[in-house]
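Welcome! Here is a short tour of a structure that may be new to you. Take a look at it first, and then we will go through its parts together.

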Protein chains: 4
Amino acid sequence: MEKARTVQTDEFLVRAGELIEAGHFIHSRGWVPATSGNFSARLRDGRIAITVSGRHKGYLTPDDIMLVDADGRALDGKQPSAETLLHTGLYRRYPDVNAVLHQHSPGSVLASRLFQGEVVLEDHELLKVLRGIDTHESRVVVPIFPNDQDIARLALRVDEYLKSRAQAKDICHGYIIAGHGFYTWGESVAEALRHVEALEFLFDLEIRLLGVKKS
Amino acid sequence: MEKARTVQTDEFLVRAGELIEAGHFIHSRGWVPATSGNFSARLRDGRIAITVSGRHKGYLTPDDIMLVDADGRALDGKQPSAETLLHTGLYRRYPDVNAVLHQHSPGSVLASRLFQGEVVLEDHELLKVLRGIDTHESRVVVPIFPNDQDIARLALRVDEYLKSRAQAKDICHGYIIAGHGFYTWGESVAEALRHVEALEFLFDLEIRLLGVKKS
Amino acid sequence: MEKARTVQTDEFLVRAGELIEAGHFIHSRGWVPATSGNFSARLRDGRIAITVSGRHKGYLTPDDIMLVDADGRALDGKQPSAETLLHTGLYRRYPDVNAVLHQHSPGSVLASRLFQGEVVLEDHELLKVLRGIDTHESRVVVPIFPNDQDIARLALRVDEYLKSRAQAKDICHGYIIAGHGFYTWGESVAEALRHVEALEFLFDLEIRLLGVKKS
Amino acid sequence: MEKARTVQTDEFLVRAGELIEAGHFIHSRGWVPATSGNFSARLRDGRIAITVSGRHKGYLTPDDIMLVDADGRALDGKQPSAETLLHTGLYRRYPDVNAVLHQHSPGSVLASRLFQGEVVLEDHELLKVLRGIDTHESRVVVPIFPNDQDIARLALRVDEYLKSRAQAKDICHGYIIAGHGFYTWGESVAEALRHVEALEFLFDLEIRLLGVKKS
């Protein structure tokens, strides 16, 4: 049997390079411990470059990134992340989203233990780095879903939620999976990474605040 | 239409280099998440080199820094930081200030949630790295202003406060904008950065102390 | 007297290189302060490459790694880590384990002060990076042993515990020594390091949670 | 007037190099914010290489290190650290000490706010990296002195304390100055740095523990 090999076009390599760099940064902050997390970017033809299952996100090489189709089927014989359907679901839901980043960060996991159903972020200037937000007088709601090893079922649940937010003309920037981590996305890897930095910063702030204020 | 282009004199490039390095450091500590924060330095002729709106402060290049006049008007067709008037207000108020650094740090944001109206820093040896302070037996007051998307109005409010401190011969080293971050300044980028390090260190200490002592 | 010198075969150098890199990372996170911690890897012929006593684990060179036999006796005139018997005990207990990493991390030391007898990790997606765990609906028990300067006695106590876990067909991924640090292991240095990242992340989360929830 | 210039012998340059590297590390951990802290090493002829006043300890060059005599008098026209007498006092008290490191670390400053008169470190395996300690069943006492801008007076107070510890055959590994930072030392820069890492780790642990346990 031949070794699985991805056809690495220029566009693939640019996107893969962005995901690799994002991984360096996210790992440097301790938000993808061990082999946790998974990242993807959508190519112009609709195929999705996504991290191979089980790789350490802080030390990715182009060979750790593979191609799947819009339904999450491997196109190159490699084994994609177990959570691929959460990525493809987001790309299907949002035509203008071209990158999805998922991390197991302390802020998001702690938030899921301390808040019920959602984290509400208000009165933070930093909210303005999120897509479509132009004042700190905004209310950004990040839902928390129960963890589920049945990814198809979880993807469906997430999508129903996102559909209802979209119908209410309410932008959703990310979601938390309880005891697990959070997903965020953007029109580019750069925007998705901006959302990662901002959301984790705010989750962490809210938790530190809880520790001080409750006592 | 021609691409906006800044005339990069030697002095501009030296100051830009200092702002770029300051950005590396401030980002490495997690104090300018995503595209938050903005930095500036005043040139000898009174023009101000300031970060272009929306750039990530951890990865600045000289092209991410532009020139505005003393009133904050762009001199090179680029779009300056939305908070430019807070920078120009400080340069107008303080003739000996030549650098202004603004960060969205966890310490300053948490302090704004936990303290009312001001943070008082006392009995800290580290206060001595602040301009004009030569003993830990000093009382350094850092005011907290409510956040405001009307930057002209906020700049005016800040300036009235700074004027009253100046009239009382009381040096002010920085201020916090609630839920947003803090501003500090110095006669050089190096001095302003020294103030960044010291103030954030002290904000963080006061918050950790509150977490332990209140319980 | 001749200087102690280890015969550095290719296999030894590869394993030593992995331990050196693991040390860089573990030190960068602050988990092996000063000269604390010790690391080892088992070679194919059963000899064990282990860190020399008293070296800083963040700045290891191949000369800081030596060879002992399966009973922990030095094979090259160097002085192995004082805790060598804890390493050899693990290799004897687990035929498929080829790397052991021990760190003095804040998470494990704090956990030993705050939990009685064991740390129970449940409902964490990150558990899935541990060997043999495939759902967050797992219960991972990390025992806490009292510290003991008599390493032979401690090794015996640990081994009796591990034997009873093995008899119950219950995988054990690591253990904490109170006020000291934790041990974890894997079939390779990479797997052991994955366990280090995951366990310390989870210990730290549980402690932060305790700080917030108890108040 | 000629520019102050230090005669940089080989021995001076080796010691300066060690202090520069120690500064990189200590700064990377955030323990010498802004221009705080000061470091020194004793040369074989009794002269002392010490950091020049007001330099950032994270970015030292050999020119930021100067020579003083055993009484702290500058030998090369440069301005030594304001706390030089605390260094020379330690060298006079301890003939076998050849390096002194002083940092303004969060752990030591917080400890000085939370503990009365001394920090007692017990039942920590990490104590064994301190000179002369060979079991975790040790009791290491780190005294806390009130801060004082009169360095000669503070040096005298410290020395009287150290003398009484020495008379009781009780090794002292470091001391805290309240709201300021801590001093530690060793027979070499490497040993002093080992003490820095271990003490700050333990101060931080004790404070985190206090935050959790008190609540």
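## Terms and model

Helices (H or I, at least four residues) and strands (E, at least two) are DSSP runs, numbered from the N terminus. Axes are lines fitted to C-alpha atoms, for helices over the stretch in contact, and angles run from 0 to 180 degrees between N-to-C directions.

This is a predicted model, in which local features need pLDDT of at least 70, side-chain atom pairs count only at pLDDT 80 or more, and totals for chains, interfaces and linings use all residues. Residues are numbered from 1 along each chain as its sequence is written, chains are lettered from A and ligands numbered from 1 in the order in which they are written, and side-chain values use heavy atoms, with hydrogens and water left out.

## A helix pair in chain B

Let us begin inside chain B, where helix α2 (residues 84-93) packs on helix α4 (residues 151-167) at an angle of about 25°, their axes being 9 Å apart. The two helices, α2(B) and α4(B), are therefore roughly parallel (a word for angles under 35 degrees; over 145 is roughly antiparallel, 65 to 115 roughly perpendicular and the rest oblique).

Which residues make the contact (heavy atoms within 4.5 Å) between α2(B) and α4(B)? From α2(B) come L85(B), L86(B), G89(B), L90(B) and R93(B), and from α4(B) come I151(B), A152(B), L154(B), A155(B), V158(B), D159(B), L162(B) and K163(B). These contact residues divide into 9 nonpolar, 1 polar and 3 charged. Here Ala, Val, Leu, Ile, Met, Phe, Trp, Tyr, Cys and Pro count as nonpolar, Asp, Glu, Lys and Arg as charged, and the others, Gly among them, as polar.

## The helix pair in chain A

In chain A, helix α2 (residues 84-93) and helix α4 (residues 151-167) pack at about 25°, with axes 9 Å apart. This makes α2(A) roughly parallel to α4(A).

## Where chains B and D meet

Chain B superposes on chain D by a rotation of 90° with 0.0 Å of shift along its axis (RMSD 0.0 Å); the fit is by least squares on the C-alpha atoms of residues with pLDDT of at least 70 in both copies. The two copies are thus related as by a four-fold rotation axis. They use different surfaces, as 9% of the contact residues of chain B recur in chain D.

At this interface, 22 residues of chain B touch 30 residues of chain D. About 2100 Å² is buried between chain B and chain D, with carbon and sulfur atoms giving 61% (buried area is the accessible area, with a 1.4 Å probe, that two parts lose on being put together, summed over both). E125(B), R208(B) and V212(B) supply 27% of the area that chain B buries against chain D, more than any other three residues.

Key
Contact means heavy atoms within 4.5 Å.
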